[in-house]
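Me: Hi, could you walk me through this one? I'd like to chat about its rings, its pockets and any odd backbone spots.

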Amino acid sequence: MNTDSLKALWKTVFGDTNAFIDSFFRIAYSPDRCRYMEENGEAICALYWFDCSYEGGKLAYIYAVATHPEHRKKGLASQLLRQTHDHLQQLGYAGTVLKPAKGLFPFYERLGYVTSGFIRRFHADTATAPARLTELSPEAYGRHRRNFLPRNAVIQEGLTLDFLHSYASFYAAGDALISAIPQDGVVLEYLGNPLSAPGILAALGISDAEIPTVGCEIPFTMFYPLNCTKTPGYLGITLE
C-alpha cells in the first residue's frame, strides 16, 4: 500500500496536520505494524500498533483506527480488528490494548474488549516558585518511568516514546515525572507526588491544568486477550 493513501485516509478521518502525520510515518510507521483494507487501490480502513509489554508478554497498543466516512456503517473496522487479532495471535502477542475515542467503549465491548486501565485527574494551579526540572530523553523517561508505575502497568518504551517526543517533552522533578506539551498548556502524564505539580507547572509556564495520573476513577483503556488470561492495568501513555 502506498503510504500517501494511508496518509490521506488519516487526514480525512482525524484532521491532523500534515506535519504530525508525516512525523508518525517517519518515526513510527512500519508495514509490519499496519493493517488496512483498500478499494480501487485506495485505503478505506486502517489501523496501526506500537509494541509494548506486560509481565514479560508482548502487547500491541492499537492506534489510529480509521474508516473513511464514505465507507462507514459497513462493519469494516470490526472486520479489520478481528483480522488483526488473528494475525497478532499467530505472531505470539499476549493481547491488545487501546484507548477508545469518546463514546466508543460499547463498540469495543462488542468485539470482546474489557475495560482495563483507569486514571484519575486532579486540578493544579501554578506556584509562585518554579520547581527545578531536568529535561529527559525518551530513553531516560522510559527508564525513570518504571520506578513510578504501579505493579500492573503496561510498559511503553522505544518507538512509542520516540514518537511522543516529536510533539511533547519529558521532565523529572525529584519526586515526580511528567510528559507535557508546555506551549499548549497540556499535561499528558504525571507520575509521582501531586503536591509537586504547582511548582512543575510554574517551571513549564503553565498557569493551571487538569492533570492525568495513576488512579481508579476514570475508565481509560481497554484490553483484548490473545495468548494470556491476565488483564493488565495502567496504560498512561496514549497518543490520541
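Me: How many aromatic pairs does the count come to?

Reply: Happy to help! This is a predicted model, and the count comes to 27 aromatic pairs. One of them joins tryptophan 10 and phenylalanine 25, with 6.1 Å centre to centre and 65° between the planes, an edge-to-face arrangement.

Me: Which parts does the pair of tryptophan 10 and phenylalanine 25 tie together?

Reply: Tryptophan 10 belongs to helix H1 and phenylalanine 25 to helix H2 (residues 18-27), so the contact ties together parts 15 residues apart in sequence.

Me: And is tryptophan 10 buried or exposed? Same question for phenylalanine 25, buried or exposed?

Reply: Tryptophan 10 counts as buried because its relative accessibility is 3%, under the 20% cut-off. Phenylalanine 25 is buried as well, with a relative accessible area of 10%.

Me: Okay, now phenylalanine 122 and tyrosine 190. Why is that pair edge-to-face?

Reply: Their planes stand at 85°, so the pair is edge-to-face, and the ring centres are 5.7 Å apart. An angle over 60 degrees is what earns that label. The pair links distant parts of the chain, as phenylalanine 122 is in strand E5 and tyrosine 190 is in strand E9, 68 residues apart.

Me: What relative accessibility do phenylalanine 122 and tyrosine 190 have?

Reply: Phenylalanine 122 has 11% and counts as buried. Tyrosine 190 has 1%, and counts as buried too.

Me: Back to tryptophan 10 for a second. Which residues form one aromatic cluster with Trp10?

Reply: The cluster holds Trp10, Phe14, Phe20, Phe24, Phe25, Tyr29, Tyr48, Phe50, Tyr61, Tyr63, Phe163 and Tyr167.

Me: Nice. Which ring does the charged end of lysine 58 sit over?

Reply: That would be the ring of tyrosine 93, with the charged end of lysine 58 sitting 4.5 Å from the ring centre.

Me: Switching to pockets. What volume does the largest pocket have?

Reply: About 710 Å³. It is lined by 28 residues, and those closest to the centre are Val65, Ala66, Thr67, Leu104 and Tyr108.

Me: Which element gives the most to the lining of the largest pocket?

Reply: E3 does, with six residues. Helix H1 (3-14), strand E3 (57-67), helix H3 (76-90) and helix H4 (105-110) each contribute at least two residues to the lining. By class, the lining of the largest pocket breaks down into 18 nonpolar, four polar and six charged residues.

Me: And what volume does the second largest pocket have?

Reply: That one is about 360 Å³. The second largest pocket has 19 lining residues, with Val186, Val187, Leu188, Thr238 and Glu240 nearest its centre.

Me: Which strands each supply at least two residues of that second lining?

Reply: Strand E5 (114-125), strand E9 (186-192) and strand E10 (208-214) do, and E9 gives the most, with four residues. The lining of the second largest pocket is made up of 12 nonpolar, three polar and four charged residues.

Me: Last topic, the backbone. What phi does asparagine 40 have?

Reply: A positive phi of about 55°, although asparagine 40 is not a glycine. Asparagine 40 is in the loop between strand E1 (34-39) and strand E2 (42-54), and it is exposed, with a relative accessible area of 76%.

Me: And alanine 64, what phi does that residue have?

Reply: Alanine 64 also has a positive phi of about 55° without being a glycine. Alanine 64 lies in strand E3 and is buried, with a relative accessible area of 9%.

Methods. Residues are numbered from 1 along each chain as its sequence is written. This is a predicted model: local features need pLDDT of at least 70, side-chain atom pairs count only at pLDDT 80 or more; totals for chains, interfaces and linings use all residues. Side-chain values use heavy atoms; hydrogens and water are left out. On a 1 Å grid over the protein atoms alone, a cavity is a set of points where a 1.4 Å probe fits but cannot get out, and a pocket is an open set with protein on both sides within 12 Å along at least five of seven lines; lining residues have an atom within 4 Å of a point. Grid points are joined across faces, edges and corners, and a volume is the space filled by probe spheres set on the points. Ala, Val, Leu, Ile, Met, Phe, Trp, Tyr, Cys and Pro count as nonpolar, Asp, Glu, Lys and Arg as charged, and the others, Gly among them, as polar. Rings of Phe, Tyr and Trp (its six-membered ring) pair if their centres lie within 6.5 Å; planes under 30 degrees apart count as stacked, over 60 as edge-to-face and the rest as tilted. Buried means under 20% relative accessible area, exposed over 50%, partly exposed in between (1.4 Å probe, protein chains only). A charge sits over a ring if NZ of Lys or CZ of Arg is within 6 Å of the ring centre and within 35 degrees of the ring normal.
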